[in-house]
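Trainee: Please pick one part of this model and go through it closely, residue by residue. I would like the cut-offs behind each term stated as they come up.

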Amino acid sequence: WALDIYLRRRGQSQELATVWQTGRAAAEQAADPVALGLALRKLAHTYAQSGRHEDARELVELAMTVVRQTGDRHALAMVHRTYGQASSLAGRHREALTHARVSLRVLQALDDPFSVASQLSSVGWNSTLLGLYEPARAHLNAALTLARKVGRLDTEANALDSLGYLAYRTGDHALAVRYYRQGADLHHRTG
């Protein structure tokens, strides 16, 4: 887990893929479906960020199958989250929005405000990309408020960045600059 954050922030996608391929092999050998679901999900996310969209889709669908068998609703929400991220990176924004919404609903039902903040931002981002500006604004503002409440600086920075893009897309360039500056400052502080 610690390697995931470290390697992802350093942009070392090949090394990150190796870590999760190793994790997948270990989980398969141990016949541990919880660990396997996590490894598949993280490997799918890594592939999506590396432009390997079809590989990512295949792995996230496999992760979905594995996680459904465990009955772990939080893990299922995380797989939907990854499916949404992978779909968005592949330019399939409607599909991304669908998975982000499913993840959000499950996380809200599980009362996980830390993850809900992130998913509100994902729903807002994908809504923006689809031109659904009012729902996007509502989700992004809710993400920003909740991220600040629970102290999730990375989600706060992402919501500000997305609000900046939304303001840009809707023609309010001065507001876009303010949001972008606030988001950039937080990104800089959080590394």
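Mentor: The answer below starts with the whole chain, then turns to one part, the surroundings of Val79 in helix H5.

This is a predicted model, in which local features need pLDDT of at least 70 and side-chain atom pairs count only at pLDDT 80 or more, while totals for chains, interfaces and linings use all residues. Residues are numbered from 1 along each chain as its sequence is written, and side-chain values use heavy atoms, with hydrogens and water left out.

The setting comes first. The chain has 10 helices and 0 strands; helices (H or I, at least four residues) and strands (E, at least two) are DSSP runs numbered from the N terminus. Read from the N terminus, the order of elements is α-α-α-α-α-α-α-α-α-α. The C-alpha trace spans about 55 × 35 × 30 Å along its principal axes. The radius of gyration is 17 Å, which agrees with the value near 16 Å for a compact globule of 191 residues. That radius is taken over C-alpha atoms, and the globule rule is 2.2 Å times the number of residues to the power 0.38.

Of the 191 residues, 42% are buried. Buried means under 20% relative accessible area, exposed means over 50%, and partly exposed lies in between (1.4 Å probe, protein chains only). Among contacts with a separation of 6 or more, 50% come from residues 24 or more positions apart; a contact means heavy atoms within 4.5 Å.

Now the part itself. Val79 belongs to helix H5, which covers residues 73-89. Val79 counts as buried because its relative accessible area is 0%. Once neighbours within four places in sequence are set aside, Val79 is in contact with Arg41, Val60, Ala63, Met64 and Val67. Ala100 lies 21 residues from Val79 in sequence, and the two C-alpha atoms are 9.9 Å apart.

Two of those partners lead onward: Met64 and Arg41. Met64 is also touched by His99, a residue of helix H6 (residues 93-109). Apart from residues up to four places away in sequence, His99 touches His80, Tyr83 and Gly84 as well as Met64. The side chains of His99 and His80 form a polar contact of 2.9 Å, that is, a pair of N or O atoms within 3.5 Å; within protein, one must be able to donate a hydrogen and the other to accept it, and residues adjacent in sequence count only if both atoms are side-chain atoms. His99 has a relative accessible area of 13%, so this histidine is buried.

Arg41 brings in Leu62. The C-alpha atoms of Leu62 and Arg41 are 8.7 Å apart, with their positions 21 residues apart in sequence. Leu62 sits in helix H4 and is partly exposed, since its relative accessible area is 35%. Beyond four places in sequence, Leu62 touches Arg24 and Leu40.

The loop between helix H4 (53-70) and H5 holds Gly71. Gly71 is exposed because its relative accessible area comes to 58%. From Gly71 to Thr46 the C-alpha distance is 24 Å, for a sequence separation of 25 residues. Compare Leu62 and Arg41, whose C-alpha distance is 8.7 Å for a separation of 21 residues.

On the other side in sequence, helix H6 is followed by a loop that runs to H7 and contains Asp111. Asp111 has a positive phi of about 55° although it is not a glycine. Most residues other than glycine have a negative phi. With a relative accessible area of 62%, Asp111 is exposed.

Helix H7 (residues 113-129) holds Ser127. Ser127 is buried, because its relative accessible area is 0%. The side chain of Ser127 reaches the backbone oxygen of Val123 at 2.7 Å. Residues up to four places away aside, Ser127 touches Leu97, Leu132 and Ala136.

To sum up the part: Val79 is buried in the model at 0% relative accessible area, His99 is buried at 13%, and Gly71, in the loop between H4 and H5, is exposed at 58%.
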